Amino acid sequence: MPLLRNIGSRCAGGAPGAGGRAPCAAPGGQGALHPIPRAGLVWEGETIRWVGPEDALPRDLRVEDEWDAGGRLVIPGLVDCHTHLAFGGWRADEFERRLQGESYLDIARQGGGIAATVAATRATTDQVLLARCRSFLLEMAALGVTAVECKSGYGLDCETELRLLRIYRTLEAESAQRLVPTFLGAHVVPAEYRGRRDAYVALLIEEMLPAVAREQLAAFCDVFLEEGAFTVDEARRILQAGQALGLGAKLHADQLSDAGGGGLAAELGAVSADHLERVNPSAIGALARAGVVAVSLPIAGLYLQQPPPPARALIEAGVPVAVATDFNPGTAPSPHLPLALLLACTRQRMTPAEALKGATLYAARALARHRELGSLEPGKRADFAVLEADSVTHWLYHFRANACVATVARGALIAGRL
């Protein structure tokens with residue numbers, strides 16, 4: 001069994017059940033990381049066996065290899081719980097158009113936005129899409145990201161949506177990173193169904209969702225509930241159809257307007273409600289009571305120059321707040337999760353500890369994977385990142401291109417070196 005020793009501080013450790021607390025574990029709420037100074041970490045295969053103060057290493061653990069962290073900070077592997085990983089092309093022209101005053105919705109009405117990426121994605125081969133995704137995942141691994149949610153949604157026909165989800169299945173089989181696929185056929189109504197919204201909703205419910213479920217291609221069904229996308233009633237029908245087939249519910253909610261997404265997420269017991277920049281304050285309590293994770297996507301807010309979601313109000317109401325990149329070619333064209341964490345601090349007034357928990361345990365909760373990912377506890381996957389920093393606060397305060405010196409996923413080194 002390998003031992004990682006000489007850790008300056010660990011976002012937490014200790015054996016649950018023995019009175020200890022694990023790094024970024026649940027007790028204590030959003031800002032509780034339970035750091036352990038001068039810590040050690042032991043794993044066997046893909047699974048953590050022990051974590052705690054190095055001088056308390058149990059004598060019965062048969063350590064074969066020792067790795068030296070050099071006094072650096074060790075955190076759980078980062079979990080990016082909202083990405084649109086597979087897409088064709090880019091949309092740099094829209095970035096400039098928005099800077100010159102055009103709105104996201106205006107560009108979409110003129111055939112840009114999601115529709116432009118759908119056309120590019122349909123025209124891109126599987127081989128090219130796979131190569132692009134592999135490149136993105138390597139970039140994310142180098143930043144300390146060990147688990148990634150990946151949405152479809154740039155096909156919007158049965159053939160291409162299934163292609164994208166099969167690409168994710170191929171990537172999951174070959175990668176040490178954990179990939180969690182989400183079906184987002186309800187991204188927008190495609191051009192060929194303009195004026196026939198009901199027919200497209202029927203296609204989603206009667207053909208696409210059953211095909212996804214038959215092949216077990218996705219864990220979740222997502223809907224973009226927004227002006228120019230889908231209504232509350234349409235989203236309810238689509239998500240309930242997905243739930244009936246065993247898919248968890250997710251929502252792109254209240255990003256550009258108060259469209260009722262937060263309330264619907266609570267009503268349906270969705271795993272997460274993502275964006276929430278314009279969430280109605282009355283929905284916040286409902287989200288807390290329903291146990292819905294709020295997923296903040298601050299890179300998108302930066303690019304769209306939007307006010308941020310009310311993270312402080314959500315946290316104070318008891319809603320777990322996750323932080324993710326929303327990596328996509330239009331409104332968040334960067335997979336840099338540490339940048340998203342910095343923005344969560346500077347624009348949403350989250351503390352560095354709250355932001356980190358939002359990209360580890362609470363992000364894992366947003367994927368219903370918190371029993372295997374998101375904290376450094378015995379029995380969980382040996383996913384962690386080693387950072388050139390002496391504290392979580394200093395890591396995010398002293399922002400650099402990349403402070404991660406090594407990333408381990410499933411017990412194997414996937415980026416950097418020790």
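**Cores, a helix and two pockets: worked exercises**

L85, F230 and W395 touch the most other members of the largest nonpolar core, which has 103 residues. A nonpolar core here is a set of buried Ala, Val, Leu, Ile, Met, Phe, Trp, Tyr and Cys residues joined through side-chain atoms within 4.5 Å; buried means under 20% relative accessible area, exposed over 50%, with a 1.4 Å probe and protein chains only. The largest share of this core, 8 residues, comes from helix α6 (residues 197–214), helices (H or I, at least four residues) and strands (E, at least two) being DSSP runs numbered from the N terminus.

Bear in mind that this is a predicted model: local features need pLDDT of at least 70, side-chain atom pairs count only at pLDDT 80 or more, and totals for chains, interfaces and linings use all residues. Residues are numbered from 1 along each chain as its sequence is written, and side-chain values use heavy atoms, with hydrogens and water left out.

**Exercise 1.** Find what W395 is in contact with, leaving aside its neighbours within four places in sequence.

*Solution.* Take contact as heavy atoms within 4.5 Å. Your list should then read I75, L78, P338, L341, L356, L387, A389 and A403.

**Exercise 2.** Work out which residues of helix α9 (residues 281–290) are buried, and which are exposed on the other side.

*Solution.* Start with the buried set: A283, I284 and L287. They sit on the same side of α9 because they cover an arc of only 115° around the axis, going by the directions from the helix axis to the C-beta atoms. Flip to the other side of α9 and you hit S282 and R289, both exposed. Next, look at the cover over the buried residues, which includes α8 (261–268), β11 (272–275) and α11 (311–316). Finally, check G291 just after α9: its phi is positive, about 75°.

**Exercise 3.** Describe the lining of the largest pocket by residue and by class.

*Solution.* First, the count: 26 residues line this pocket, and A108, V188, V189, R194 and G228 lie nearest its centre. Second, the elements: α2 (104–109) and α3 (114–122) are those that give two or more residues to the lining, and α3 gives the most, with 5. Third, the classes: 15 nonpolar, 4 polar and 7 charged residues. In that scheme Ala, Val, Leu, Ile, Met, Phe, Trp, Tyr, Cys and Pro count as nonpolar, Asp, Glu, Lys and Arg as charged, and the others, Gly among them, as polar. A pocket is an open set of points on a 1 Å grid over the protein atoms alone, where a 1.4 Å probe fits, with protein on both sides within 12 Å along at least five of seven lines; lining residues have an atom within 4 Å of a point.
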